Amino acid sequence: MDVKNNILETIGNTPLIRLNKITRHLPCTVVAKVDYFNPGHSIKDRMALKMVEVAEQEGKLKPGGTIIEGTSGNTGMGLALAAIVKGYKCIFVTTDKQSKEKADILKAMGAEVIVCPSNVEPEDPQSYYSVAARLAREIPNSYHMNQYDNLANRLAHYETTGPEIWRQTEGKITHLVCTAGTGGTITGTAMYLKEQNPNIKVWAVDAYGSLLTKYYYTGEIDPNEVYPYFSEGFGEDFIPKNYDMSVIDAFTQVTDKDGAVMARRLAKEEGLFCGYSAGSCLQGLMQLKESLTKDDLVVCIFHDHGSRYVGKIYNDQWMMERGFLDVKTFKDIVNGRPMVQKLITISEEKQVAEAVDLMKQYDIEHIPVTRGEAIVGSISEGGLFQKVFNNPDIKHQPIAHVIEPPFPIVDFNTPVEKLRTLITKDNGAVMSKDEIGNYHIITKYDVIQALGG
């Protein structure tokens, strides 16, 4: 029978998948090493298991011990799988920059998760590097894996990722493109591939806010290069020991926006629901595309699964708040709201005072007025203010006595620029029906926010 003895035996041998649409204008063939097919849904399963095995062999990790690691989430998942099978406890230290989904997954796997601030220096006692090291000193029978300086990290990729790619491409690979974080994946894979063919080009993709790129080109560790960024899983504010820069041929930096947008394109155009680094990896390839020829075979490393980023790059509101998502239509504005908002309406038979109460309760200025199921008019805070000011008793009259013209109703895909012309001093909102027939309303403030002020 073809039965695995445990989950760890399913790590590795992930597929190469050809990219067809996004890369169609490139002169060469581009394939992705899609490592979310690992059981922990990321390439980090490989090195996590290797680090545990080496620590066991060296006597640093003993039965019943505690694994401690600073992780953005994926390495923690791999270590958690190994710990479950092998009988270890896990304490993971991460940063507040990482997605909530990652921390929740680690907790689901039985690990303790400690969240540290991301806007501190690596040497700061509050940094996740420092906290992990301190816990390893304080907790008996524990071991700090330290994926950044633990050379078992790159050894895992030298022994598995590199040979798999060489075999799967029948030795025809000409370029390896990979995001640069701890250095283990790109260095270990590159070391193996360049042993087989020294002419293979290795391109590293970095984040703006990381010092790796400048260090590669100048040898200078410049703290002025370091600043906060949204990209996850790659980029560093120090140089991990796993790096051997001699096996890397070029570095390029990708913006937070470009990486996020490309990840979303991978999902929609290639059916590959990947993480932030995959989008950045492919964007990095596009930035270096002028060096490619028709005979090239490019392998991009897609590290992890998109499920860990549903609250970030796959969330329209998160993308819009950071200016990463271009808002083009009425539909875009509605989809970018943090949650589905029920349309507040009021019957023409209700009293004006009830409309005022609704405006206060929901903090809104415009309410459609209904007669039965039909929308027959509107009321606005501005219009009511003047009427109530002139005649306070009007609050006890039916809304029909103060009703204003109905808001314009437009197509759900009406461009934002058109909406701006429809919303005037006398008409403060526009309405539309979505695909299933529900009404939505957009005010001038929605349009101002969508257009970035």
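In this model, which is a predicted one, three strands make an open sheet in the order β14-β15-β16, and their pairing is mixed. The chain around that sheet holds 15 helices and 16 strands. Of its 453 residues, 53% count as buried, and the C-alpha trace spans about 85 × 55 × 55 Å along its principal axes. Here is a quick tour, starting with that sheet.

**The three-stranded sheet**
- The edges belong to β14 (409-410) and β16 (439-443): each has a single partner strand, so one side of each has no neighbour in the sheet.
- β14 and strand β15 (residues 429-433) run parallel, and two bridges join them.
- If you want a spot to click on, take Val410, whose bridge partner in β15 is Ser432.

**The four-stranded sheet**
- Another open sheet is built from four strands in the order β5-β4-β3-β6, with parallel pairing.
- Its edge strands are β5 (112-116) and β6 (142-144), each of which pairs on one side only.
- On average, and ignoring direction, neighbouring strands of this sheet are turned by 20 degrees against each other.
- Inside this sheet, strand β3 (residues 66-70) pairs with strand β4 (residues 89-95) over five bridges, in the parallel sense.
- Look for Gly70 here: the residue standing opposite, in β4, is Val93.

**Strand β10 and its partners**
- Strand β10 (residues 297-302) is mostly covered, with six of its six residues buried.
- In a regular strand, side chains alternate between the two faces of the sheet.
- Both faces of β10 turn out to be covered: Leu297, Val299 and Ile301 are buried on one side, and Val298, Cys300 and Phe302 are buried on the other.
- One pairing partner is strand β2 (residues 29-34), which joins β10 over six bridges in the parallel sense.
- Strand β7 (residues 175-179) also pairs with β10 in the parallel sense, over three bridges.
- Val298 is a handy landmark in β10: Val30 stands opposite Val298, and so does His175.

**Helix α9**
- Helix α9 (residues 276-287) is 12 residues long and reaches 17 Å from its first C-alpha to its last, close to the 16 Å expected at 1.5 Å a residue.
- This helix is mostly covered too, since 11 of its 12 residues are buried.
- The buried set in α9 includes Tyr276, Cys281, Leu282, Gln283, Leu285 and Met286.
- Smaller names are on that buried list as well, among them Ser277, Ala278, Gly279, Ser280 and Gly284.

**Out at the surface**
- Ile7, Ile84 and Val85 form a nonpolar patch on the surface, and together they offer about 240 Å² of accessible area.
- Of these, Val85 sits in helix α2 (residues 74-86).
- Val85 has a relative accessible area of 37%, so this residue counts as partly exposed, the class between under 20% for buried and over 50% for exposed.
- Pro228 lies in the loop between α7 (212-218) and β9 (250-254).
- With a relative accessible area of 72%, Pro228 is exposed, because that value falls in the class over 50%.
- For a sense of distance, the C-alpha atoms of Pro228 and Asn391 are separated by 56 Å, and the two residues are 163 residues apart along the chain.

Methods
Residues numbered from 1 in each chain as written. Predicted model: local features only at pLDDT ≥ 70, side-chain atom pairs only at ≥ 80, totals over all residues. Heavy atoms only, no water. Patch = residues over 30% accessible without salt bridge, like charges linked within 9 Å, V, L, I, M, F, W, Y side chains within 5 Å. Areas by Shrake-Rupley, 256 points an atom, 1.4 Å probe, with all protein chains shown as cover. Salt bridge = Lys/Arg side-chain N within 4 Å of Asp/Glu carboxyl O. Buried < 20%, exposed > 50% of the residue type's maximum accessible area, 1.4 Å probe, protein only. Pairing = 2+ DSSP bridges. Axes fitted to C-alpha atoms, helices over the stretch in contact; angles between N-to-C directions. Expected span 1.5 Å × (residues − 1).
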